[in-house]
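Biologist: Could you walk me through this fold, piece by piece? I'd like to start with the sheet and then see how the helices pack.

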Amino acid sequence: MENQSYAEPNLEEEEPARPPRRRRDLRVGFSTGTAAAAAAKGALLELLGLPCPESLEVALPGGGRISIPLHRHGREGAAGVAAVIKDAGDDPDVTNGAEIGARVRELPAGDASGVVFVAGRGVGRVTKPGLSLKVGEPAINPVPRRMIRAALESVWEKVYPGTSMRLEVEVFVPRGEELARRTLNPRLGIVGGISILGTTGLVKPFSHAAYRATIVAALKVARAAGLEKVVFTTGGKSEELLRPRLPGLPPEAFVQMGDYVRFALKVASHLGFREVTVGAFFAKALKIAQGKGHTHASRGLPNLAELGDWTLQQTGDRELARTVARANTARQALEILTGAGATQVVSEVGRRMLAGLRTYAGPEPGLDAVILDFSGAILWKGHSPGQGH
């Protein structure tokens, strides 16, 4: 699920957890990033005067390729242009059916080699710090940028092998500004349109009931394997980072709970696990610390004003507390706190997170909470012994 309808959480957080198996077949779609990569490839073919087929293959970040049909393609003066109609499959995504296009131009010979990204009509621009993109940058996420470069290189290398590209890529979404009003982009300081997203290149249909059923099934498999400890993560990236730190555990012990914190803890306790570890990046950890049992962006953003209050309580520094409270995102708030050396505030978030987990798990299991920073380092780790020991 690309989550465009709930703003752009992937700008600062990890890829959502793997979608569950479904009781009926649901059609998988492709992300805005995949659409932009196919459009850019078609636009370069037009720019170079090469034949442009009606469908183009692009490489997916996790391996494999996907064929994307072009909606239109041609020349506009000195630029090649192509566009794709976004197909979100059976996912309720606000960008489904939107035109995602790209114009590609050659940069002057004196410019440095590489690809320059430009926000065209309907693509947002970052105006506030705290996201994974710098202020002033087009809201085209890092993974889609890599996909676009790879798509361009697949054409360029065939025509000019061994030479460097000097290309400008303007991504546009004609209805992007209208669509962005249905996201949290304006609150995040992304103005002028939507973000170009996608960590896998695909959009997989989302079902709350099916996801909960998958969590239950995964926990039952772990219990059937004789495991008494389970590790919950909010997604694939946090699991990838925690696995090496818990080398004694088999794969069955790791369960991606996604945003279903309360549900996952209650089921784990009901099934009798003696130890439960929960790992999350700072933004999700802050939501748990603030009593959110479901951490999806649709349930609201982290309360940074409350984090500011905790900062004042822990440090006595009113100016630091005000700066934290006024941060644009949890990511920026963390950067402010770590820059100020206010590790005690992160520890307070951790303690509150652990207390929140305890309310969901009940008294029996032992609990470990792990907060990761956005580079994957462990910011805080805490333990709460259970009464079942």
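Modeller: Sure, and keep in mind that this is a predicted model. Let's begin with an open sheet of five strands with mixed pairing, ordered E15-E14-E16-E17-E18.

Biologist: Which are the edge strands of that sheet?

Modeller: An edge strand pairs on one side only. In the order E15-E14-E16-E17-E18, that description goes to E15 (254–256) and E18 (378–384).

Biologist: And what does the twist average from one strand to the next?

Modeller: We're still on the open, mixed sheet of five strands. Going from one strand to the next, the average twist is 20°.

Biologist: How many bridges join E16 to E17?

Modeller: Strand E16 covers residues 275–281 and strand E17 covers residues 366–372, and the two run parallel. One of the pairings puts glutamate 275 opposite its bridge partner in E17, glycine 366. The number of bridges joining E16 to E17 is seven.

Biologist: Which helix lies across E16, E17 and E18?

Modeller: The helix in question spans residues 282–289 and runs at about 120° to E16. That's helix H8.

Biologist: On to helix packing. Are H1 and H2 roughly parallel or oblique to each other?

Modeller: H1 (residues 32–47) and H2 (residues 142–159) pack with their axes 8 Å apart and at an angle of about 25°. Angles under 35 degrees count as roughly parallel. The crossing is right-handed, and the angle therefore makes H1, relative to H2, roughly parallel.

Biologist: How many nonpolar residues are there in the contact of H1 with H2?

Modeller: From H1 the contact takes in Ala36, Ala37, Ala40, Leu44 and Leu45, among others, while H2 brings residues including Met147, Ile148, Leu152 and Trp156. Three of the contact residues are polar and one is charged. The nonpolar ones number 12.

Biologist: H12 seems worth a look too. How do H7 and H12 lie to each other, oblique or roughly parallel?

Modeller: H7 (residues 261–270) packs on H12 (residues 343–361) at an angle of about 55°, and their axes are 8 Å apart. They cross in a right-handed sense. Given that angle, H7 and H12 are therefore oblique.

Biologist: Which residues of H12 meet H7?

Modeller: On the H7 side, you'll find Val261, Arg262, Leu265, Lys266 and Ser269. The contact of H7 with H12 divides into five nonpolar, one polar and two charged residues. The H12 residues are Leu357, Tyr360 and Ala361.

Biologist: What about H9 and H12, are they oblique or roughly perpendicular?

Modeller: Helix H9 (residues 304–315) packs against H12 at about 120°, with the axes 9 Å apart. Roughly perpendicular would take 65 to 115 degrees. The crossing is right-handed, and the angle is why H9, relative to H12, is oblique.

Biologist: How many polar residues does the contact of H9 with H12 have?

Modeller: H9 contributes residues including Leu307, Trp310, Gln313 and Gln314, and H12 has Gln344, Glu348 and Arg351 among its own. By class, four residues are nonpolar and three are charged. The polar count is five.

Biologist: Last one, the whole protein: what is its radius of gyration?

Modeller: The secondary structure comes to 12 helices and 18 strands, and the C-alpha trace spans about 70 × 50 × 40 Å along its principal axes. For 389 residues, a compact globule would come out near 21 Å. The protein's radius of gyration agrees with that, at 23 Å.

Definitions and conventions: Residues numbered from 1 in each chain as written. Predicted model: local features only at pLDDT ≥ 70, side-chain atom pairs only at ≥ 80, totals over all residues. Heavy atoms only, no water. Axes fitted to C-alpha atoms, helices over the stretch in contact; angles between N-to-C directions. Helix = DSSP H or I, 4+ residues; strand = E, 2+ residues; numbered from the N terminus. Parallel < 35°, antiparallel > 145°, perpendicular 65-115°, else oblique. Left-handed = near helix turned anticlockwise from the far one by under 90°. Contact = heavy atoms within 4.5 Å. Nonpolar A, V, L, I, M, F, W, Y, C, P; charged D, E, K, R; others polar. Pairing = 2+ DSSP bridges. Rg over C-alpha atoms; globule rule 2.2 N^0.38 Å.
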